[in-house]
Amino acid sequence: MAAELVEAKNMVMSFRVSDLQMLLGFVGRSKSGLKHELVTRALQLVQFDCSPEVFKKIKELYETRYAKKSSEPGQPQQHRPPEALSIHSSYDRGSTVARTSLSTPNIDYPALYGKYLNGLGRLPPKVVKPEVRLVKLPFYTTLDELLKPTELVPQNNEKLQESPCIFALTPRQVELIRNSRELQAGVKSVQVVLRICYTDTSSPQEDQYPPNIAVKVNHSYCSVPGYYPSNKPGVEPKRPCRPINLTHLMYLSAATNRITVTWGNYGKSYSVGLYLVRQMTSAELLQRLKTIGIKHPELCKALVKEKLRLDPDSEIATTGVRVSLICPLVKMRLSVPCRAETCAHLQCFDAVFYLQMNEKKPTWMCPVCDKPAPYDQLIIDGLLSKILTECEDADEIEYLVDGSWCPIKAEKERSCSPQCPILVLGSSDVNGLLPTPNGNGENGKVAADVVDLTLDSSSSEEEEEEDEEDEDDDDGPQPKRRCSYEKGLVSAC
């Protein structure tokens, strides 16, 4: 059977477009498309559904075209059209997907693993050209591309569609996964991930799930990230679209893996890709940033001067700009001051917390100006890092026009205590401790009389006269109100 399969593949590779169309029409499959697409469909037919009738038809077509020379042993491969060789020798160039070596010398044929099929035994869709590109993810380093982004093509008018993918890993890829460290229990750092995005070739696309998505790996369904709950009324919850890890459900061997994507067909076009990646942690990204992302203090100083340079068109001269040493994310003192090079402000945020927050929920938005601050644009402010080590008793600094800086210490609150020293009369406490200023005194004792030494003699006499008049008007004796201070306290200014 293996020899017949190899022979059938060799014959298919020698077919012209008309032969390929006749073969595909014989099994009821689409005959449209470019030659390399027809060849791919025919090879997939041979690989996965080569019945005796199909093999007989392939042999019949081959003998019809090469009837005279087919009787000569060892000749079939001499009649393979040279253009077929050029197409398939460059097919899937650079791909690390497992390949099958046929008996033909000096020819490497694809093993059809990693080629997307729409429906079991159905046709593969066309690969979008120009190709769909996915954005690079800071927490994922791509090691191999197992399947280029390929469009999900609906096979009928049903809203729910199924699209399977069949592929196998190479021994090197299996070894990479097995030998990788564990990020957590059962989660390896080297993973096979599925990424889905819109079919749009105008720019690199972010991950975007289609409606009603479900992913089945071999015989088990894979968990897909759920929706974030929304606290705002009228706002629909959002789903974090990120790579889907398939590794724990795959056969880590030379065995063939089957992945089936179920998706809702509601008019929008989606593409899927498979990648072998290494997942990074926030600590690893921070270490990389410290290695390659520190901006020299002198360059940061020049930037400060540039910001404060006198604008001839402006009527207001800027003499300085304040920068807080507190991270706007967590309201704690900065440890690794960081910002994006595209940001126009000098204020920094803490790289440690920024990376940790994006590891859990990737947004990559600057917390200061609310503009994009992707990882590859982050820099560590070398000048502010130096200031943080030299200025430990202030939470804010001010940059001056010459690039220098000065600390701004927080003003002490004075409203809670009088501005002048306190003199306590009628108290035996020589240590200056104040009694509790309440109406009845502390512990039932009568509070001491208060004398305001700030009043002059004239104001005292006027106050006494007013008190005497009040006594004449009222029947009973009234207590004298000497000043507005609370009892037990007196200003000694």
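This is a short walk through a few places in a predicted model, from a pair of helices to some individual residues.

Let's begin with two helices that meet. Helix α7 covers residues 282-292 and helix α9 covers residues 351-360; their axes come within 9 Å and cross at roughly 140 degrees. Angles over 145 degrees would count as roughly antiparallel and 65 to 115 as roughly perpendicular, so α7 is oblique to α9. The crossing of α7 past α9 is right-handed.

Which residues make this contact? From α7 come S282, L285, L286 and L289, and from α9 they are met by A351, V352, L355, Q356 and E359. Sorted by character, the residues of the contact between α7 and α9 are six nonpolar, two polar and one charged. If you have the model open, displaying the side chains named here is a good way to follow the contact between α7 and α9.

From here, move along the chain to helix α10, which spans residues 382-390. Its N-terminal end is capped by D381, with a side-chain oxygen of D381 lying 3.0 Å from the backbone nitrogen of L383. L383 is also one of the buried residues of α10, along with G382, L384, I387 and L388.

Next, turn to a strand. S271 sits in β13, the strand formed by residues 270-279. Is S271 buried or exposed? Its relative accessibility is 0%, so S271 counts as buried. The side chain of S271 has a partner: a polar contact of 2.7 Å links it to the side chain of T199. S271 also shows how the fold brings separate parts of the sequence together, since V132 is 139 residues away in sequence, yet the two C-alpha atoms are 7.7 Å apart in space.

Finally, have a look at two loop residues and their backbone angles. N218 lies in the loop between β9 (214-217) and β10 (220-222). N218 is not a glycine, and still its phi is positive, at about 55 degrees. With a relative accessibility of 12%, N218 falls under the 20% cut-off and therefore counts as buried.

The other loop residue is W364, placed between α9 and β18 (378-381). Here α9 comes back into the story, as the helix that α7 crosses. W364 has a positive phi near 55 degrees, again in a residue other than glycine. Its relative accessibility is 12%, which means that W364 counts as buried.

Technical notes
Residues are numbered from 1 along each chain as its sequence is written. This is a predicted model: local features need pLDDT of at least 70, side-chain atom pairs count only at pLDDT 80 or more; totals for chains, interfaces and linings use all residues. Side-chain values use heavy atoms; hydrogens and water are left out. Axes are lines fitted to C-alpha atoms, for helices over the stretch in contact, and angles run from 0 to 180 degrees between N-to-C directions. Helices (H or I, at least four residues) and strands (E, at least two) are DSSP runs, numbered from the N terminus. Angles under 35 degrees count as roughly parallel, over 145 as roughly antiparallel, 65 to 115 as roughly perpendicular and the rest as oblique. A crossing is left-handed if the near helix is turned anticlockwise from the far one by less than a right angle, and right-handed if clockwise. Contact means heavy atoms within 4.5 Å. Ala, Val, Leu, Ile, Met, Phe, Trp, Tyr, Cys and Pro count as nonpolar, Asp, Glu, Lys and Arg as charged, and the others, Gly among them, as polar. Buried means under 20% relative accessible area, exposed over 50%, partly exposed in between (1.4 Å probe, protein chains only). A polar contact is a pair of N or O atoms within 3.5 Å; within protein, one must be able to donate a hydrogen and the other to accept it, and residues adjacent in sequence count only if both atoms are side-chain atoms.
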